[in-house]
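Biologist: I am new to this structure and should be grateful for a close look at a single loop residue. Please then describe what surrounds that part in the wider model.

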Amino acid sequence: MSTGAPLPQDFFAAFGAIEQVPAPWDGSEEGLWTLLQAIPDPEIPAVSLVDLGIVREAHSEPATRSAAVVITPTYAGCPATEAIRQEIVRVLKAAGVADLRVELRIAPAWTTDWITAAGREALQRFGITPPCTIAGNLPRALQFRPACPRCGSHRTEQISAFGATPCKALHRCQHCREPFDYFKPL
Amino acid sequence: MNTPAATHESTIDLKPLGPQHAAWVLRLADGSLVLSQRLSEWCGHGPVLEEDIAFTNIALDLLGQARLLYSHAGALEGQGRDEDAFAYWRDESEFRNPTLVELPNGDFGQSVLRAWAYVSWQCLVWGTLAKSRDTALAAIGAKSVKESRYHQEHLGNWVVRLGDGTEESHRRMQTALDYLWPYTSELFHLDAVETAAMDTGLAPGLDRIAEIWTANTNATLHSATLTVPAPTPFLATGRQGRHSEAMGYLLSEMQALARAHPGARW
């Protein structure tokens, strides 16, 4: 539960993300999206927060150099949510946003269908098979056999319904015998 | 776990639907938190690594629900209580979870069966909230139902696997079922708080979920070759704040750190 304390400074360094100094913000909404697009997810640093569908809205007020960002949690209990909020604040402040408001909104509920094409490609390259796009139909989604991200075979089996993070399950390819993560449809 | 989980509150008009509104939300929150605590006890003790991970993942999702619900209850109450105040600084009689979720874990089968019974009930409650007049609560329901369905699916598979497994696993599951089932009637008992939740449009259709839950769970228990125990007149009283002897131990472990070091920070 809450302690009110910020995460340690080296949190992102420890989880493999590179802390970069962002380019200065030009005051536009487009510029805001460019900055957000460059922020990696703390648990899957290969994919940006925007491509995961976590950033829902970004608004700017160029005159006052203020901005408002709306984010949504993936899973209700995902511990990365607070880290994500803090990283957005850090990056946007460093880029010159004077007044920033980050709102956490849970409705409409996040779905893996919001992961962009670029996000799906990045997951695949990272060795995580992207979710099937029928998250709304759970019985069918659970029948779906994800392809191996390495050899592409659909001869795969589930090893564990839950994985290293709330959003993943562990599978194994019966063709190349490699285990792999599957991003669960939600 | 550093800022309020539900900052969306600020944008929503929070006018309680009657005096029992926050009390009903707290029952839901307490159910999620206490079951989360019980499942967390399996961390490092699961029979196989995969199920150790499954229980702790489910526990994390339940904790996420609890945080959203506590923050919402605190906002409704308007007395400045946050999620930590509810979780760590209330005493046993102030917790209003159904007794079912606080009972000791028992063996793996008993833990599976209890969690499955509760999350199956949760799935139906989240469904009733879709039509709630409390839009913030409806949003929590819509968020949670997707996760709860995964839990129900995973745990239900284990109920069948163990019930229809070996002679020993079947025996243990039947023993667990006979022990746990009398406690489930509390989930559907329509006392003043539950009735108010229905009548105010907070959770419409709450009186219809008992029938659906019974049909759903009976179908799975039948597949598991288990015998559904006959109903008994016993009614558990956790929701009234009168808990089993297991609750005090659970709370003392859960609250020890926060109370030994008030205001402690990481």
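Modeller: Thr225(B) counts as partly exposed, with 13 C-beta neighbours inside 10 Å; on this scale, with C-beta atoms placed from the backbone, a residue is buried if 20 or more other C-beta atoms lie within 10 Å of its own, exposed if 12 or fewer, and partly exposed in between. The model is a predicted one, in which local features need pLDDT of at least 70 and side-chain atom pairs count only at pLDDT 80 or more, while totals for chains, interfaces and linings use all residues. Residues are numbered from 1 along each chain as its sequence is written, and chains are lettered from A and ligands numbered from 1 in the order in which they are written.

Thr225(B) lies in the loop between helix 9 (209–223) and helix 10 (246–260) of chain B; helices (H or I, at least four residues) and strands (E, at least two) are DSSP runs, numbered from the N terminus. Its phi is near 55 degrees, a positive value in a residue other than glycine. Most residues other than glycine have a negative phi, and most peptide bonds are trans.

Chain A offers a counterpart in Arg177(A), whose phi is near 70 degrees, again positive in a residue other than glycine. Arg177(A) sits in the loop between strand 6 (168–173) and strand 7 (179–183) of chain A, and it is exposed, with 9 other C-beta atoms within 10 Å. Chain A also holds a cis peptide bond between Ala107(A) and Pro108(A), with omega about -5 degrees. Pro108(A) belongs to the loop between strand 3 (99–104) and helix 4 (117–126) of chain A.

Chain A as a whole has five helices and seven strands, and 41% of its 186 residues count as buried. Its domain assignment, which is automatic or taken from a database, gives domain 1 (11–104) and domain 2 (113–183). The centres of these two domains, taken over C-alpha atoms, are 26 Å apart. In contact across them are 11 residues of domain 1 and 13 residues of domain 2 of chain A, where contact requires C-beta atoms, placed from the backbone, within 7 Å.

Returning to chain B, its contact with chain A takes 33 residues from chain B and 27 residues from chain A. On the chain B side, helix 2 (49–77), helix 3 (83–88) and helix 5 each supply at least two residues. Helix 5 (residues 135–163) of chain B has 29 residues and reaches 40 Å from its first C-alpha to its last, close to the 42 Å expected at 1.5 Å a residue, a span reckoned as 1.5 Å times one less than the number of residues. This helix bends by about 35 degrees at Val145(B), the bend being the angle between axes fitted to the seven residues ending there and the seven starting there.

The largest nonpolar core has 113 residues, of which Val25(B), Ala29(B), Leu69(B), Ala73(B), Val112(B) and Ala115(B) touch the most other members; such a core is a set of buried Ala, Val, Leu, Ile, Met, Phe, Trp, Tyr and Cys residues joined through C-beta atoms within 7 Å. Helix 2 of chain B gives the most to this core, with 15 residues. Domain 1 and domain 2 of chain A both give residues to this core, so it lies between them. Beyond its neighbours within four places in sequence, Val112(B) is in contact with Leu155(B), Trp158(B), Val159(B) and Leu162(B).

Methods:
Two residues are in contact if their C-beta atoms, placed from the backbone, lie within 7 Å.
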